[in-house]
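Here is a short set of exercises to work through with the structure open beside you. Try each task on your own before you read the solution.

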Amino acid sequence: MKKLDKKLLDEAGKIRFKSEYNYALFEYYRSPKLFNELDMEGIDYSGVVLDNGCGSGGVAISFAEESEKVYALDIEPRFIGSGDKIAADKKIKNIEFIQGDGCDLPFEDNCIDLVLSHSVIEHTFKPLEYLKESYRVLKPGAIMFLETPPHYSFEGAHMPRLKKPIPMQLFLPRKFLYKFYIRTARRHPGWIKGGTDGSALLTDLANGKDLTMEKVDKMTIGRLRRLIKRSGFECLNERTYHPGFFDRFPKPLLSFFKKSIITRNFVNNTYKAFLRKPVN
Ligand SMILES: C[S@@+](CC[C@H](N)C(=O)[O-])C[C@H]1O[C@@H](n2cnc3c(N)ncnc32)[C@H](O)[C@@H]1O
């Protein structure tokens with residue numbers, strides 16, 4: 001079991017958008033949270049693991065320290081110079097970084113023991129293919145861990161945030177929000193939560209880089225459940241997490257908000273599912 005070093009994680013978190021390398025280190029220090037989720041569910045990660053959308057590669061490297069072999073795949077070669085460097089620094093050899101499409105995996109059927117998917121499905125725009133491919137490469141009885149922020153939550157908006165938690169993503173189009181945050185960061189940087197360093201968009205803005213609006217697919221809990229069913233997976237368990245702000249509500253009311261079809265995609269900022277490929 002890996003232990004979370006909160007101090008290291010907080011420090012890495014503050015500068016995570018400075019470079020891919022900084023982001024990979026942040027992911028590495030954050031990974032004990034993911035191990036903890038798997039441990040709580042009794043899931044074995046000692047075999048062959050595929051991180052399907054590994055980003056900078058920090059999580060995959062952390063798994064390589066515990067697993068027989070890790071394939072870290074991403075459609076963008078983001079890990080080059082970040083994941084590669086950390087793996088070399090830590091003398092980790094049982095990891096293979098692959099530039100490839102998670103919706104068309106370069107693996108045979110039934111060869112993977114565990115698929116990890118953290119904040120990827122909402123970026124693929126082919127979510128059913130993505131799930132089906134993960135299913136295809138898993139061994140029968142093996143698990144896919146799927147995590148994504150529901151679309152109308154603050155995380156799901158994939159935008160910077162204001163210090164005051166105003167849920168603008170519920171009623172304003174993304175294009176408008178994007179322009180609003182760029183303007184606000186220029187004119188009133190003090191309004192932004194975590195300052196410009198707390199957001200990829202605003203870090204790019206501060207560094208004078210070309211800006212593009214990140215596109216995201218509308219991943220609601222209901223849609224995900226339907227996609228999971230169609231992909232053939234059986235859902236062993238689901239967990240949802242909400243921001244501390246909502247703890248001010250009485251527990252029965254919060255529990256209702258977390259489940260109601262009207263509020264669940266805003267109140268829950270993380271949806272996690274443990275999916276099993278059936279043995280037949
Ligand atoms: C928000 S990042 C998450 C990265 C990493 N899993 C993490 O938790 O930090 C989303 C990642 O999904 C990758 N991605 C998007 N579409 C993909 C696809 N079809 N196949 C593989 N990776 C994809 C992106 O390149 C990006 O690195």
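Strand β1 is mostly covered, with four of its five residues buried. Here a strand is a DSSP run of E with at least two residues, a helix is a DSSP run of H or I with at least four, and both are numbered from the N terminus. Buried means that 20 or more other C-beta atoms lie within 10 Å of a residue's own, exposed means 12 or fewer, and partly exposed is in between, with C-beta atoms placed from the backbone.

Before you start, note that this is a predicted model, in which local features need pLDDT of at least 70 and side-chain atom pairs count only at pLDDT 80 or more, while totals for chains, interfaces and linings use all residues. Residues are numbered from 1 along each chain as its sequence is written.

**Exercise 1. Trace the strand pairings that involve β1 and β4.**

Step 1. Begin with β1, which covers residues 48–52. Five bridges join β1 to β2, and the two run parallel. Strands count as paired if DSSP finds at least two bridges between them. To see one of these bridges, find N52, whose partner in β2 is L73.

Step 2. Now look at the pairing of β1 with β4, which is also in the parallel sense and has three bridges. D51 has L116 of β4 as its bridge partner.

Step 3. Carry on from L116, whose bridge partner in β5 is F145. β4 and β5 (residues 138–148) pair in the parallel sense over six bridges.

Step 4. Finish with burial: β4 (residues 112–118) is largely enclosed by the rest of the structure, because seven of its seven residues are buried.

**Exercise 2. Find the residues that touch the most other members of the largest nonpolar core, then follow one of them.**

Step 1. A nonpolar core is a set of buried Ala, Val, Leu, Ile, Met, Phe, Trp, Tyr and Cys residues joined through C-beta atoms within 7 Å. The largest one has 53 residues, and those touching the most other members are A60, V70, A72, I95, L114, M144 and L275.

Step 2. Ask which element gives the largest share of this core: helix α2 (residues 20–41) does, with seven residues.

Step 3. Follow L275. Leaving out residues up to four places away in sequence, L275 touches I143, M144, L146, I228, F233, C235 and L236. Two residues are in contact if their C-beta atoms, placed from the backbone, lie within 7 Å.

Step 4. Then look for another core apart from this one, made of seven residues that include F154, A157, L201 and L202.

**Exercise 3. Is G58 buried or exposed, and what does it touch?**

Step 1. Locate G58 in helix α3 (residues 58–64).

Step 2. Count the neighbours: G58 is buried because 30 other C-beta atoms lie within 10 Å.

Step 3. List the contacts. Not counting residues up to four places away in sequence, G58 touches A24, L25, F26, E27, Y28, S31, G83 and I86.

**Exercise 4. Describe the shell around the ligand.**

Step 1. A residue is near the ligand if its C-beta atom, placed from the backbone, lies within 6 Å of it. There are 18 residues around the ligand, and G53, G55, I75, G102 and H118 come nearest.

Step 2. Ask which elements give two or more residues to the shell: these are β2 (69–74) and α5 (121–124).

Step 3. Sort the shell by residue type, which gives six nonpolar, seven polar and five charged residues. In this sorting, Ala, Val, Leu, Ile, Met, Phe, Trp, Tyr, Cys and Pro count as nonpolar, Asp, Glu, Lys and Arg as charged, and the others, Gly among them, as polar.

**Exercise 5. Place two non-glycine residues that have positive phi.**

Step 1. K91 has a phi near 55° and is in the loop between α4 (83–89) and β3 (95–99). K91 is exposed, because it has 6 other C-beta atoms within 10 Å.

Step 2. F125 has a positive phi of about 65° and sits in the loop between α5 and α6 (127–137). F125 counts as exposed because it has 12 C-beta neighbours inside 10 Å.
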